[in-house]
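Subject: Structure for your review

Dear colleague,

Please find below the structure that I am handing over to you. My notes on what was found in it follow directly after.

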Amino acid sequence: MYLKDSALHVQEGIPQPEPVSPYLKFRKKKRLSADKYVEGILSGNRVLLSQAITLIESTSHKDVEVAGKIIEQCLPHSGNSIRIGITGVPGVGKSAFIEAFGKHLTSIGKKLAVLAIDPSSEISKGSILGDKTRMEELSIDPNAFIRPSPSGLTLGGVARKTRETIILCEAAGFDVIIIETVGVGQSETLVKSMVDFFLLLMLSGAGDELQGIKRGIMEMADALIITKADGDNIAKATAAKALYQSALQLFPKNENGWNPVVDTCSVFLHNSIEKIWKLIADFENQTKTNGFFPKHRAEQSVTTFYNWMNDMLKDNFYSNAMVVKKLNNIISEIKKGKLSPYQAGTELVQKYHQKSLNSKL
């Protein structure tokens with residue numbers, strides 16, 4: 001028997017196709033000018049808005065340059081929205097609440113942008129970005145725009161470029177901006193620094209309610225809403241509401257003159273969603289009347305300046321050729337115990353400054 005007649009003989013078969021289509025393999029996305037992006041954003045083009053946000057989130061130097069021009073041109077068209085930060089413990093139903101709340105807003109003629117921040121893995125640095133799948137109805141609403149973004153390693157779970165993304169969304173005509181954060185922690189102060197109204201969602205019946213959240217978060221909240229207040233859970237939600245109301249009375253008064261509200265909510269009851277929007281509208285009206293709203297926005301601009309400068313200084317430092325060249329060797333020396341991290345950091349910064357001075361001479 002010849003081998004070719006054997007069952008062990010392998011036929012050559014047909015040539016296998018390329019794993020990537022040859023039509024797409026070498027295709028590059030055309031880069032537009034900053035003016036074209038701005039023109040698209042101001043006209044409400046969602047595709048160009050999304051592409052511009054991607055540029056803002058990019059760390060490429062070319063993208064950063066274009067993104068800066070886009071932000072500058074969009075800035076005069078921003079500021080005409082109410083910015084709402086929403087946070088809460090895991091499992092509280094943030095996505096379900098935002099979908100129900102968002103559907104109410106679009107039903108009364110509001111244009112809503114949801115900036116949903118997904119946690120990034122410390123190991124792979126990746127994010128699931130699944131908020132659009134959790135907000136199925138809102139994601140296809142013509143008056144809503146959902147943008148999931150990775151948190152990266154930013155403290156507080158807020159995407160590094162969230163402030164700039166807000167500017168672009170406002171320039172695109174969205175009059176309500178919601179920032180959904182990763183979860184609860186003391187670093188949620190970053191959210192507070194970029195929104196007008198801070199909404200804290202809580203569960204009832206999950207043990208000692210006051211142990212489930214840090215005092216610092218409660219002090220920042222303009223409203224605390226007990227979710228899933230329906231069916232057999234109504235009694236527990238009502239009891240939790242009374243508990244939180246008592247706790248908030250012990251906190252110092254807010255600078256904005258607003259008394260934080262505690263209430264219950266169910267995404268299945270339209271009237272409970274409607275009253276939360278009325279609550280936010282009352283807050284906006286009161287803080288604009290007493291002058292706190294514009295004052296707070298001005299303070300946010302100063303905070304944005306410092307954050308922007310910190311980011312630029314950090315990027316310039318780590319992208320410096322001398323720093324890149326020396327960093328691996330320094331890290332190796334630290335791991336071996338031959339160099340302390342404090343001494344290494346001090347010496348590297350001094351060399352960076354010296355090189356910068358010499359280059360100017």
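Eight aromatic pairs are counted in this structure, which is a predicted model. One of them joins Trp258 and Phe283: the ring centres are 5.4 Å apart and the planes stand at 85°, so the arrangement is edge-to-face. Trp258 belongs to the loop between α11 (234–248) and β7 (261–264), while Phe283 sits in helix α12 (residues 270–289), so this pair ties together parts that are 25 residues apart in sequence. Both partners are buried: Trp258 has a relative accessible area of 8%, and Phe283 has one of 1%.

An edge-to-face pair is also formed by Phe317 and Tyr352, with 5.0 Å from centre to centre and 70° between the planes. Here the link again runs between distant parts of the chain, from Phe317 in helix α13 to Tyr352 in helix α15 (residues 341–360), which are 35 residues apart. Phe317 and Tyr352 are both buried. In addition, one aromatic cluster is made up of Phe97, Phe101 and Trp277.

Two members of that cluster, Phe97 and Phe101, reappear in the nonpolar interior. The largest nonpolar core comprises 82 residues, and Ile70, Ile84, Phe97, Phe101 and Leu168 have the most contacts inside it. Apart from this core lies another, of eight residues, including Val323, Ile330, Ala344 and Leu348. To return to the largest core, which residues does Leu168 contact, leaving aside its neighbours within four places in sequence? They are Ile41, Leu49, Ala52, Ile53, Ile56, Ile70, Ile71 and Cys74.

A charged residue also deserves a note. Asp63 is placed in helix α4 (residues 61–74). Because its relative accessibility is 13%, under the 20% limit, Asp63 counts as buried. Not counting residues up to four places away in sequence, Asp63 touches Arg31, Leu55 and Ser58.

Turning to the surface, a nonpolar patch of about 670 Å² is made by Val302, Phe305, Tyr306, Trp308, Met309, Met312 and Leu313. Of these residues, Met312 is located in helix α13 (residues 292–319), the helix that also holds Phe317. With a relative accessibility of 37%, Met312 counts as partly exposed, whereas Phe317 is buried.

Yours sincerely

Key: Residues numbered from 1 in each chain as written. Predicted model: local features only at pLDDT ≥ 70, side-chain atom pairs only at ≥ 80, totals over all residues. Heavy atoms only, no water. Core = buried A, V, L, I, M, F, W, Y, C linked by side-chain atoms within 4.5 Å. Buried < 20%, exposed > 50% of the residue type's maximum accessible area, 1.4 Å probe, protein only. Contact = heavy atoms within 4.5 Å. Helix = DSSP H or I, 4+ residues; strand = E, 2+ residues; numbered from the N terminus. Patch = residues over 30% accessible without salt bridge, like charges linked within 9 Å, V, L, I, M, F, W, Y side chains within 5 Å. Areas by Shrake-Rupley, 256 points an atom, 1.4 Å probe, with all protein chains shown as cover. Salt bridge = Lys/Arg side-chain N within 4 Å of Asp/Glu carboxyl O. Phe/Tyr/Trp six-rings, centres within 6.5 Å; stacked < 30°, edge-to-face > 60°.
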